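Dear colleague,

I am passing on the structure below, and I would be glad if you could look through it alongside my notes on its empty space and its surface.

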Amino acid sequence: EYYKVMPKYIVELFNITGKITRQDQEEVALQAIEVWSTICDEEIALQEEIDEATSDGSSHSVVHHYFIQQALPGLVPLLLETMMKQEEDQVEDDGAW
């Protein structure tokens with residue numbers, strides 16, 4: 001359960017994955033994006049746990065750091081930039097024929 005220790009590393013993780021995503025190695029960039037997708041999946045599951053507990057009137061001990069919410073202002077432009085680069089590469093490839 002690495003999620004609980006991630007606060008110490010999240011800023012550096014964001015910096016590293018952002019740098020990797022901007023480079024031209026598509027397979028590595030996809031893995032960097034997958035890191036954030038995995039964090040998002042984990043946080044969705046945590047939020048569902050919290051919602052379920054509060055709807056039952058129960059207390060919960062779920063640790064939720066809201067990494068995705070905090071990273072969105074940087075992630076959205078990064079993902080859009082990556083998508084545009086991918087689209088440009090496809091146009092270049094189409095022009096080769």
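**Surface patch, pocket and cavity**

Leu-72, Val-76, Leu-80 and Met-83 together make a nonpolar surface patch of about 370 Å². Please keep in mind that this is a predicted model. Of the patch residues, Met-83 has its place in helix 3, and Met-83 counts as exposed because its relative accessible area is 52%, above the 50% cut-off for that class.

Turning to the open space, the largest pocket encloses about 240 Å³, and its lining is made up of 15 residues, among which Glu-26, Thr-82, Lys-85, Gln-86 and Asp-89 lie nearest the centre of the pocket. At least two lining residues come from each of helix 2 and helix 3, with helix 3 providing the largest share, eight residues. When the lining of this pocket is sorted by class, there are five nonpolar, five polar and five charged residues.

As for enclosed space, the structure has one cavity of 30 Å³ or more, and the volume of the largest cavity is about 40 Å³. The residues that line this cavity are Thr-17, Gly-18, Thr-21, Ala-32, Ile-33, Trp-36, Leu-75, Leu-78 and Leu-79, and the elements giving two or more residues to that lining are helix 1 (10-22), helix 2 (26-55) and helix 3 (67-96). By class, the cavity lining holds six nonpolar residues and three polar ones, with no charged residue, whereas the lining of the largest pocket includes five charged residues.

With best regards

Methods: Residues numbered from 1 in each chain as written. Predicted model: local features only at pLDDT ≥ 70, side-chain atom pairs only at ≥ 80, totals over all residues. Heavy atoms only, no water. 1 Å grid on protein atoms, 1.4 Å probe; cavity = no way out; pocket = protein on both sides within 12 Å on 5 of 7 lines; lining within 4 Å. Points joined across faces, edges and corners; volume = space filled by probe spheres on them. Helix = DSSP H or I, 4+ residues; strand = E, 2+ residues; numbered from the N terminus. Nonpolar A, V, L, I, M, F, W, Y, C, P; charged D, E, K, R; others polar. Patch = residues over 30% accessible without salt bridge, like charges linked within 9 Å, V, L, I, M, F, W, Y side chains within 5 Å. Areas by Shrake-Rupley, 256 points an atom, 1.4 Å probe, with all protein chains shown as cover. Salt bridge = Lys/Arg side-chain N within 4 Å of Asp/Glu carboxyl O. Buried < 20%, exposed > 50% of the residue type's maximum accessible area, 1.4 Å probe, protein only.
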